[in-house]
Structures are given as structure tokens and as C-alpha cells.
Amino acid sequence: MRLTSVIAAAAATVLAAGVLTGPAAAQDYPTRPITMVVPFSAGGPTDTVARLVAQEMSGALGQQVVIENVGGAGGTIGAARVAKAEPDGYTLLLHHIGMATSATLYRKLPFDALADFRAVGLVTDVPMTIVARKDFPADDLKGLVTHVKANADKINMAHAGVGAASHLCGMLFQEALGTPLNTVPYKGTGPAINDLVGGQVDILCDQTTNTTGQIKGGAIKAYAVTTPDRVASLPDLPTTVEAGLPEVQVAVWHGIYAPKGTPDAVVQKLSAALQTALQSDLVKTRFAELGTAPVAQERATPDVHAAFLKEEIERWRPVIQRAGTYAD
Amino acid sequence: MDIFANLALGFGAAFSPMNLGLCFVGALVGTLIGVLPGLGPIATIAILLPITFSLDPLGALIMLAGIYYGAQYGGSTTAILVNMPGETSAVVTTLDGHQMARQGRAGPALAIAALGSFFAGTVATFLVALIGPLLAQAAQAFGPPEYFALMLFGLVGATVLASSSFVKAVAMILVGLLLGSIGSDIETGAPRLTFGIAQFAEGINFTTLAVGLFGVAEILRNLENPEQRGVLDKPIKGLMPTWADIRQSFPAVLRGTGIGSVLGILPGNGAVLAPYASYTLEKKLARDPGRFGRGAIEGVAGPESANNAGAQTSFIPLLTLGIPPNAVMAMMVGAMTIQGIIPGPQVMTENPRLFWGMIASMWIGNAMLVIINLPLVGVWVRLLRMPYRLLYPAILLFCCVGVYTVNGSYVDVLMLSVFGFAGYGLAKLGFEPAPLLLAFVLGPLMEENLRRSFLIARGDPMIFVERPLSLALLLMAVGLLLIVLMPSLRRKRDEAFRE
């Protein structure tokens, strides 16, 4: 009897404290460093994007935004951790297109990409490039398509593993051609590009972050970029629309998420900080060198991001189901 | 000649007070984390990445590179002193290095590791400068079939790592292959042997396995005999190697340097094989192979040199092709891109100051490591005098912290204790964990390249014998297997004749 009343009193105190300090905490937010989970290993392209943005967001928020790399299982382990985190704005997630595709790629996920998160804003759309070994016979995208169709049984298309951006783009490319190709999986883009440079495999579709250096160095041949606009770092490279393969439209978009239940005021503050970060010179120049650009200001907002995530989940679901590849 | 102008440019850039300081800091931090069991360069570089923001690109890379090869040095210290390899490369060093320490010769073992590494680093650095770009092109001829054949060769060599029976070594290799196959299937993405645990989806972590099987198991074994002061049961015999030691080690250092330099250039992380290959070679060349596993100094000198030479030349694929051969190099790529340098073949021509500055800094860093490490030999050896009731809890704590930092996952810490008990059981039954670890590292690489080869060849196994490089490596593997099997076959025949 006495014990239960003590517990009840304690619970009431905690609840009261929660109610009283809740809104105040949201107004003062942030009062301590914020952890931004990157669900991939340090040094990768997503990590690079996150670190650049986190540094500039730290300035805007007046608190350090610390990157924590929680890699594994195509980004789902890190995402699951944030889904279960306290919704106080001190644990965030920066994830890429995998947030949308994992909803179909994984048949059992410990979280729901739409229901368990609050979108904060989009960060960048990293374009992808269709590239081939440097002695590949075709000279433009049309030639590539003709050659690949005619020699479908001899072509080897590399990708960086099930669910990787290069794998998604490869699926779209094969759908557009209407010809299934022999695909050769690698553990990551590094070894895939290495074998492409060495002429062991024929074609690959990968992010500009990974291919720009090799294209500029003349180690591989580039045919097209998969976004509506050309990229500044490779101005001579046509888009897939210009070059006659408009079906292959894909960008490795990145977004920031907070756990569901995070107060509106906190999400708004984070979104504002993200917009400030995206306009900084450092982010603009570094992104440009990587062959990408920050998203327009109106896309770095919770509403646009949430709607876009939903669209992307629906867009990829049939593509993945038709290919019949799952990651679990 | 061009090369001298380039090197002059490099040394000019690397010798600025700021860059010298960063090189020193990197080498020192690397040594420290290498010495702390479980804490590896990957976690450290990840933690330090934000700091490099405020540095200029060359300084940042010099520091990070220093951490990388500093950790290789430091890793050998823990391997020798407490039988705990924190890095793939240090596994071999435990075999004879820790035996030397048990015989009171920890000092010479540490010193020869440092001197051998310095020699190897110097040679490899000049190789990088002289013919790096050419070699990188040549290494591109290495496709999936060649890697498969190379890894197969390494696996056969793993049997030599055991000083006990051949059958037990094979058993350990098979267990290692099995552990290595845990994770997602590379082609279909299907989970294998994960038992529904999400953390297993990318396989077991090397650090967890190595620190558990060697380190934690070693502590458990020592707890069994609380009175016995394992490492210090013999008086310490001198800190520096004798002339006889150096004479004995020098050929091993030369051979190790050669092996390490060649394997390091391969962009598919061939460097991982370097210390193993060197150990195998030394054991085969030795007049009395029975000394190996009981404190043979060549068994420390050769692999340590090979390891460091490989660490230096593994920068070649990164710097000349923009392709990271291993996880640490992938982090360097991240550091470069954050700095606005896009890795690729153009770095050498567009950014010669960065390219040659890095190369010059490697040599400076190696010299600094000797300066840092030789005086420390005495300190490390004295550390062993620390009572084990203080030393062991500290080591265990560092192991747990180190393993946790790799993925930030408590599952890894649990696995560490599981492997610790498994290692203890294996040691009790007379199984040696070194072949298991090598198989664990090589297995996934072998499988990947085997399946990739078949995919490229549309299932035709002739791809392995049609390509001359692959054929040569396969023949070498068969040859090595015969050499390994010959003594035991002959013994059996002798026994048969006797009856």
C-alpha cells in the first residue's frame, strides 16, 4: 500500500515535470550536443554529405551536431536505432534513398519509414552517371543501348550489392532496355570501380560522388547523368533525357529525420538550421566538387520531404518487386 | 630526373613545421591506439575526421596516414606483450613475438619489429615514389580469378601457421571459413547463418573475433594459474637485439619487405596476406622450422617488415587510381572528399604537392615512429611488471570499449565474451586460433571473387586456367600444398615401412 502510493507519487511528479518542462525544453532547444546517426560507415559518400551539413548546422543551432556511424544491413540498423530513440530532437538520422527502397527490399523491418519518423527536410540529390570501361565500343548513350541490346549475353554490369544505389539504377537501366543483363555484385563501389577501370566488367551506374574523379581522369567512359539537369562538374555530359533514355531517372537523395513524436517546434528549428546550412558557401562549393548541389530551399522542409518519401516508396516498390531481389 | 624534382617538392611540403607536427601527432596517436587492444585505426580516424575539417588537405591526410601506419606499429606491441592482435596484420606477430616475451626477450622482439618496419617502410616509400603509378597500372591486370587464386594460395599457407598437427590446422581453417560466411549473401542479399540477428547481417567483426580468441582467452588462461606470472616468469634479457639477432633477422626483413611491397599494391586488399606470406616463407626457408612458434626472431622480423611495406604500398592504389583497397583507405577517401579533393587518377597531375607531400610524409612518419617507439620499448616491458590483478581488468575494459566503438553495438561486446570462452576451450584442446583467423579474413574474399569469376565467365571454370596470372597462382598453391603435405606423408610411409 505504502509502496504503491510512493510509486504513484513519483510517477505523478515525473509526469508533472514532463508536462511543465516539455514545452520549455522545446523553446530552449538545443541545450546540449545533438547526435546525427549516419547508417553507413565513416568515410563513405553519405558520411561525407552528413559531416559537411552537420558542421554548418552546428553553427546555426549553437550546439555541436556530432556524427555517429551506425552501419550495417543497408542502413536499416542505424535507422532502427533512431526510430526507437527519445523524440527530443537530440537523436537524428541522415539517410539516403535507401529509406524509401528498404521499405520494399526488406520484407521484415523493425520500423516503418513513414510512421516512425518525422521528416525534417531533404538535403541533396546526388546524380548518378552511366559509365563503362574506357575501351567500351559505344560512343554515346544511344550507341551504348544498341550495343548492350545486341550483345546482352556478353555484357557484365557491376553494382555495389543488393539495395545499393548502383543496384537500383542498374535495375532501372535494365527495365528501360527491356533486357535482363548479367550483373556482378561487389561489396561497395570502390572494388566495383576498380574492376571497371581494370576492364574486368563492362558497365556501371553510380553516384557522381564516386565516378567524377575517374571520369575526369579518363579512366572510365561516361555516357549520361541520371538527373533532369546536367551537373556543373561534368558540363559536357548529357542527361538521360537529352541522350534518349528518359526512363532512367534516379538521384540518390538524402534527407534528415527525427523520431516520431518529436515536437513541432524542434522539427521547425532543425529544418531552419538545415536551410541555413545548405546556403553556406562551404556546403555549396564542396557539394559542387562532388558533382551535386544542395536542394532548393522549399525542399529542405518537413512537408515536402515527407510527401517525397511517400512518392519514392511507391515509385520503387514495383521496380524492386519485378526484379524479385530482396535483401532479407 | 623528374623523380628528384617531385620528391623535393614533396619534402618541401611535408617539412613545414605544421605538417611535421601533424605527422608526429598522427604517428603518436596511431601508436597509442595500436597499443590499446581492440581500439583500431578505423574507429580512431572516424573520431578524428571532424578535426581534419580545420586543417589543410595535405596536413589532414598526413595526420590520418600517420595514424594508420602508427597503429600497425602499435598493434605489434600488444601482440608481443599480451598476445592480443588488434589488427589482422598482428595475428602472425603473436605466434613468435609473444613466445619471445615469455622467454624474457620482449625487448628485442619489440625493437626488431620497429627496426624491421622502418627499413621496410623506407624501401616501400621509395618504391611508391619511383614506380608507383606504373605498378598501379600493372596491378589492374588482377581481376576476380586472380584474386581467387591468390586467396587460395594464402589459405593453403594458413596451415603453416600452426605448429601443432596438420589436421587440427585444417579443422581450424574450416571453422574460420564457416564463421566468415556469416552475413548477407553478396549476390542475392539473403542472410546466411544470422539467426535473425540484424547485427550479424554484415558478418562478424574481425576485431571482435581476434581480440576474443587471442586476448580474452589468454587472460582466462592466465587466471587459471593466478600464481604464475606468465610473461615475467623469466628475467628480462636486455632491451635491444644482439648482433646475432640482427644477423638472423636481416634476410627475413629483406624478404618481408619484398613480399609486402608487392602484395600491398594490389587494389583488392592484397596487403592482408603480406605478413602471413612472409611467415610461411621464413618457416619454409629455415634450417630448423621447429623453432617457429617457440620464439624465432625471424618470425617477428619478416612479417612485421612485410606488414609495414604493405601498409605503405597500399597507398599506391589510393593515390594513383583513387581506389581504396581497404576500410582505412576508404576513410581516407572520405577525408579527401570532405576536403574537396576528389580521389582519382587526376590527383597526381592536378595536385602534385599533395601527392608527393604525402609520399614524403610517409618516410618522415616512419622515422618518427622509430624515434617514438625505441625509447618506449623499456616502458612497455616495464608495464609487464604491473600486477596482473590491475593489468587484466584494464585490458578487458579497453577490449570492450574498443570492440564497442567499431559499430557502436553491444552485440559485439557479447560476442567478444563468447569468442573469449571459445578461444579458451580451443587452447585447452590444443587448437591454434591463427589459421582460423586467416581463414575468416580470406574466406569471404575468396567466395566473392570465385562467384564473381563464374558470373563473368558465365559459369565456365576454364577462366581460372586460361588467364596466365591466375594459372600461375593456382599452380603455386598446389605446389605449396605439396610442400606442406610432403613431410607428413613421408613420415606416414616411414611408419608403414617400420611395421
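This report looks at how the two domains of chain A meet in a predicted model.

## Two domains

Let's start with the layout. The domain assignment splits chain A into domain 1, covering 34-126 + 252-323, and domain 2, covering 127-243. Take the centres over C-alpha atoms, and domain 1 of chain A sits 26 Å from domain 2 of chain A.

## The interface

On contacts, 16 residues of domain 1 of chain A touch 16 residues of domain 2 of chain A. Interface size is often quoted as the accessible area lost when the parts come together. Here domain 1 of chain A and domain 2 of chain A bury about 1,400 Å² between them. Carbon and sulfur atoms account for 71% of that buried area.

## Charged and polar pairs

Between domain 1 of chain A and domain 2 of chain A, the salt bridge count is one. It pairs the side chains of A:Arg322 and A:Glu175, with 2.7 Å from N to O. As for polar contacts across this interface, the rule picks out three residue pairs, with both residues at pLDDT 80 or more.

## The domain 1 side

Which elements of chain A each supply at least two residues of the domain 1 side that touches domain 2? They are helix H4 (98-105), strand E4 (117-133) and helix H12 (302-323). H12(A) gives the largest share of that side, with five residues.

Sorted by character, the residues on the side of domain 1 of chain A that touches domain 2 of chain A come out as eleven nonpolar, three polar and two charged.

Methods: Residues numbered from 1 in each chain as written. Chains lettered and ligands numbered in written order. Predicted model: local features only at pLDDT ≥ 70, side-chain atom pairs only at ≥ 80, totals over all residues. Heavy atoms only, no water. Domains from an automatic or database assignment. Contact = heavy atoms within 4.5 Å. Buried area = accessible area lost by both parts, 1.4 Å probe. Salt bridge = Lys/Arg side-chain N within 4 Å of Asp/Glu carboxyl O. Polar contact = N/O pair within 3.5 Å; in protein donor to acceptor, adjacent residues only side chain to side chain. Helix = DSSP H or I, 4+ residues; strand = E, 2+ residues; numbered from the N terminus. Nonpolar A, V, L, I, M, F, W, Y, C, P; charged D, E, K, R; others polar.
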